[in-house]
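Hi,

Here is the structure I said I'd pass along. Have a look at it first, and then read my notes below.

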Amino acid sequence: MKTFSLENPISVTYLQENSRKESPRLVLNKESEANLIERLKTDAVVQNIYQTIKLHAQSVFKKSIINLDIPMEQRSQDNQLDISRDLLHRINMLAMVYRIEKDPRMLERINREVIAACNFPTWNPKHFLDVGEMSLAIAIDWTGGDLPASTVHLAKQSLIEKGIEPSWPEDGKSPHWAYGHSNWNQVCNGGMVAASIAIAEDDPELAAKTIYRAIEGMANALDSYGPDGVYPEGATYWSYGTSFSVVTAAMFESAFGTDFGMLNYPGFKESAVFKILTNAPSGLVYNFGDCGERSGRSGDMTLAWFASKTGNKSFYEKDKFMQDPECMESLSRLAGISLVWMAQYEEKGEETIPTAWKGDGANPVVFFTGGEDDPHKYYFGGKGGRGTVSHGNMDAGSFVFELDGVRWSVDPGMTGRYGLIERTGFGLWDFHQEGDRWKLLNKGNFGHSTISANNQLHVVDGKASIVDFKIGERPEATIDMTPTFGGQLKTASRKFIKDSPRSLLIEDDIEISEDTELITWQLIAQADVEIIRGGARLRQDGKSLELEILSHPEFTPSVIS
């Protein structure tokens, strides 16, 4: 149940009276286009990103026209998502270059790509992410009426018949994503908003009811950021879900002159701080959940939207944006859209990113860092939460820890190639207590730096909460893990303390129950380990770290590969 609401005045009358009529109106409109053209003359970052987009647009001509015979990548599930994403990338690049330069080659290629995609039998509504991304690609209206009328008609009919109409099931029930709390809500509703804006004059009733549903439903996804900005699915999925939310906000602004309250939704703006704090000095991210551990190399264009709205320099990764265009191979498929708001960025200062920060919500997280100029490169990220959160693990109490640029305590992170796993019949998304998901080492508690009891799995829906947090020279955070154990332990709490610029103190306060037989304390590492008296010495990348068991020096740790 959502705790706040977005403004939602949408009706047929509202669309008729308040929507921009001229094209373009999807993120780019007359005013933002004038600003972009001006900034292309004076702004080095905008110029560099545009040149990179141009290179990517030119690379499209080396590929065959979009088709359903493109082999699925290993990560692909039983869907067309890679194909939808490929088209979204192509149209973003081609349409931006055509808009700026009116190159007829770009227009001709857009025309062929749109016709091909619109002639797909379906956009695969059984996996609606495919439809969401495809709908955004087809809806981009930056050719300014230069496409043949027959193509425009085909595109609009396809947006209705293969995009919007399948989002309204015949049984009258809402699709699971429409009011969900995960990235599916953001991507699918965003695609439906784009499609609805594109066909608003052709079918105003369908457009109005779809946009109305999207605004109502998106509040649930935005609730997930509350109260402090933690995105429960982690850094990778913040980038995915949030990118579609900011695109949706930008579409609303360009078409209606308002974002209906999205920017100021509690926790949403603050999530930019969370995202920055997930980036560690080593170049890795705090990769809890199903997230990868590498940060983007080409600059975070979603963060740049927050920079454009706040003027905060901390959210604008200028150095990455200024790389040689030839080196930016992993450019976002939303780069063309993103360039519009990057051209709106005006620096208004640099708010210091806190060195001790915690965020509550569905998946509570805490960070301690040494700050931007820390010679020790200190970094800690720890968490509570529960396994049943979207893309979640049984990882309550787990943490990553870096010192001297080395990640000493790691999170296994990504499951691997979803498609390869699912095609074996393995229930990767079975979140029940005895579900297949927890048989994977990196999903259950046995693969994380946390506590286990009686060699049993954590309680899948037992949420561990941050119950105390202190800032200052010696910041600390206490996590109540009692619900995690469901009677295996009577009580359990874990306190993390940054007790010096070069050390982390972990205090586990445990009260056993009648059923407690064994408690296992785990540190997951990639280092070479030498067992020493009262602890262990870890060696990695020419550096070393000592683990000292303060409370029970007689204990001897063991190493399990």
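**What I found**

V559 is exposed, with a relative accessible area of 55%. Before going on, please keep in mind that this is a predicted model.

You'll find V559 in the segment after β14 (543-548). Together with V529 and I531, V559 makes a nonpolar surface patch of about 230 Å².

There is a charged patch on the surface too. This one is negative, and its members are E347, E350, E372 and D373. To get your bearings, look for E350 in the loop between α14 (335-342) and β1 (356-359). E350 is partly exposed, because its relative accessible area of 46% falls between the 20% and 50% cut-offs.

Next, the strands around β8. β7 (465-470) and β8 (476-480) are joined by a loop, and I471 sits in that loop. The two strands form a hairpin with 5 residues between them, and G472 in the turn has a positive phi of about 115°. Their pairing is antiparallel and runs over 5 bridges; if you want one to click on, F469 has A477 in β8 as its bridge partner.

I471 itself counts as exposed, at 63% relative accessibility. In space, the C-alpha of I471 is 9.6 Å from that of P354, although 117 residues separate the two in sequence.

What does β8 pair with besides β7? The answer is β9 (residues 489-500), which runs antiparallel to β8 and is joined to it by 5 bridges. One pair to look at is T478, whose bridge partner in β9 is K495. As for cover, 4 of the 5 residues of β8 are buried.

K495 turns up again in a salt bridge with E476, where the closest N and O atoms are 3.6 Å apart. E476 lies in strand β8 and K495 in strand β9, so this pair ties together parts that are 19 residues apart in sequence. E476 is buried at 10% relative accessible area, while K495 is partly exposed at 23%.

That brings me to the salt bridges in general. How many does a search of the whole structure find? It finds 33, and two others are worth a look.

One is between R90 and E113, with 2.9 Å between the closest N and O atoms. R90 is in helix α4 (residues 81-101) and E113 is in helix α5 (residues 104-118), so the salt bridge ties together parts that are 23 residues apart in sequence. Are these two residues buried or exposed? R90 is buried, with a relative accessible area of 2%, and E113 counts as buried too, at 0%. Both also belong to a network of salt bridges that links K63, D86, R90, R109 and E113.

The other is between the side chains of R333 and E133, at 2.8 Å from N to O. This pair links distant parts of the chain, 200 residues apart: R333 is in the loop between α13 (318-321) and α14, and E133 is in helix α6 (residues 128-139). R333 is partly exposed, with a relative accessible area of 21%, whereas E133 counts as buried at 0%.

That's what I have for now. Happy to go through any of it with you.

Cheers

Definitions and conventions: Residues numbered from 1 in each chain as written. Predicted model: local features only at pLDDT ≥ 70, side-chain atom pairs only at ≥ 80, totals over all residues. Heavy atoms only, no water. Buried < 20%, exposed > 50% of the residue type's maximum accessible area, 1.4 Å probe, protein only. Patch = residues over 30% accessible without salt bridge, like charges linked within 9 Å, V, L, I, M, F, W, Y side chains within 5 Å. Areas by Shrake-Rupley, 256 points an atom, 1.4 Å probe, with all protein chains shown as cover. Salt bridge = Lys/Arg side-chain N within 4 Å of Asp/Glu carboxyl O. Lys, Arg positive; Asp, Glu negative; His and termini not counted. Charge placed at Lys NZ, Arg CZ, Asp CG, Glu CD. Pairing = 2+ DSSP bridges.
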